[in-house]
Amino acid sequence: MGITPFFWGEVLSKELNVLLQRIQPPEVKPIEGPVPASPELSKLLNRMEARKWRKWKQSEVLASLQQLYSELKFINHAMKCEQCLLELCLDVTRYEGAHSPWYLNLQGEIGWYPDVYEEDSLYKTAPRIDKYNWGSYWKGGIDHEVAIRFIKDRMKWAKPIMQKEAEAAVDFYIALENWDLESPVPVDEATLIF
């Protein structure tokens, strides 16, 4: 006697019935718990994850180096370019450096966070804005020479900091390149500078 499928009204032959039984999926008993991975498999998975992380971190370090290079190149250019200094002067005097690089952004130094020089170890050595009096754009009487002197002093202060960051980033990139993927992760020295 053959199987009568619901879509046919006829009985299948014996051979078709055997084929139909062969293609039925076998019954699978559910596994009670996860099967522990072998030590070799765990080591392989860890190396694969470490390799993926290293590639991601190297691309992040390269992007950081490109940004630092661009900022250092801008400082070298702006120190000599009167037009760039004038634009920076206008931004610093009008908008507290909101459109300028981090070392000229004064919003955290003018009344927003009064103890920025004492709290932030980075700014303890920075040229302080309260030592320069260039007047007010809104009240009139701006002394652009004083503002430009402040900008140049801040650039001179920020340049070695960024050079030190770039050196640390290069060292970290080399450490990542030489990492054997099994020893502890190399330390990012650029984040430990300050």
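Visitor: Leaving aside neighbours within four places in sequence, which residues is Tyr 173 in contact with?

Guide: Gln 58, Val 61 and Leu 62, once neighbours within four places in sequence are set aside. Contact means heavy atoms within 4.5 Å. Keep in mind that this is a predicted model, where local features need pLDDT of at least 70, side-chain atom pairs count only at pLDDT 80 or more, and totals for chains, interfaces and linings use all residues. Residues are numbered from 1 along each chain as its sequence is written, and side-chain values use heavy atoms, with hydrogens and water left out.

Visitor: How sure is the predictor about the protein, going by pLDDT?

Guide: pLDDT is the predictor's confidence in each residue, from 0 to 100. Here the mean is 81, and 85% of the residues reach 70 or more. Confidence is highest in α2, at a mean of 92, and lowest in α5, at 58.

Visitor: How many helices and strands are there?

Guide: Six helices and zero strands. Both are DSSP runs numbered from the N terminus: H or I with at least four residues for a helix, E with at least two for a strand.

Visitor: Back to Tyr 173: what makes this residue "partly exposed"?

Guide: Buried means under 20% relative accessible area, exposed means over 50%, and partly exposed is in between (1.4 Å probe, protein chains only). Tyr 173 has 25%, so partly exposed is the label. Ala 168, also in helix α6, has 8% and therefore counts as buried.

Visitor: How far apart are Ala 168 and Leu 65, in sequence and in space?

Guide: They are 103 residues apart in sequence and 9.9 Å apart in space, C-alpha to C-alpha. For Tyr 173 and Lys 57, it's 116 residues and 8.5 Å.

Visitor: How do you know that the length of helix α3 agrees with its number of residues?

Guide: The expected span is 1.5 Å times one less than the number of residues. With 14 residues (82–95), α3 should span 20 Å, and its end C-alpha atoms are 19 Å apart, so the two agree. Right after α3 comes Glu 96, with a positive phi near 55 degrees.

Visitor: Which elements help cover the buried residues of α3?

Guide: Among them are α2 (39–78) and α6 (144–178). The buried residues of α3 include Cys 84, Leu 88 and Val 92.

Visitor: Why is the pair of Tyr 132 and Phe 150 called edge-to-face?

Guide: Rings of Phe, Tyr and Trp (its six-membered ring) pair if their centres lie within 6.5 Å; planes under 30 degrees apart are stacked, over 60 edge-to-face, and the rest tilted. These two centres are 5.0 Å apart and the planes stand at 70 degrees, so edge-to-face it is. The pair links distant parts of the chain: Tyr 132 sits in the loop between α5 (116–119) and α6, and Phe 150 in helix α6, 18 residues apart. Both Tyr 132 and Phe 150 are buried.

Visitor: What makes Arg 154 count as lying over the face of Trp 157?

Guide: A charge sits over a ring if NZ of Lys or CZ of Arg is within 6 Å of the ring centre and within 35 degrees of the ring normal. Arg 154 lies over the face of Trp 157, at 5.6 Å from the ring centre.

Visitor: Which residues have the most contacts inside the largest nonpolar core?

Guide: Tyr 103, Trp 134, Phe 150, Ile 151 and Trp 157, in a core of 34 residues. α6 gives the most to this core, with 13 residues. A nonpolar core is a set of buried Ala, Val, Leu, Ile, Met, Phe, Trp, Tyr and Cys residues joined through side-chain atoms within 4.5 Å.
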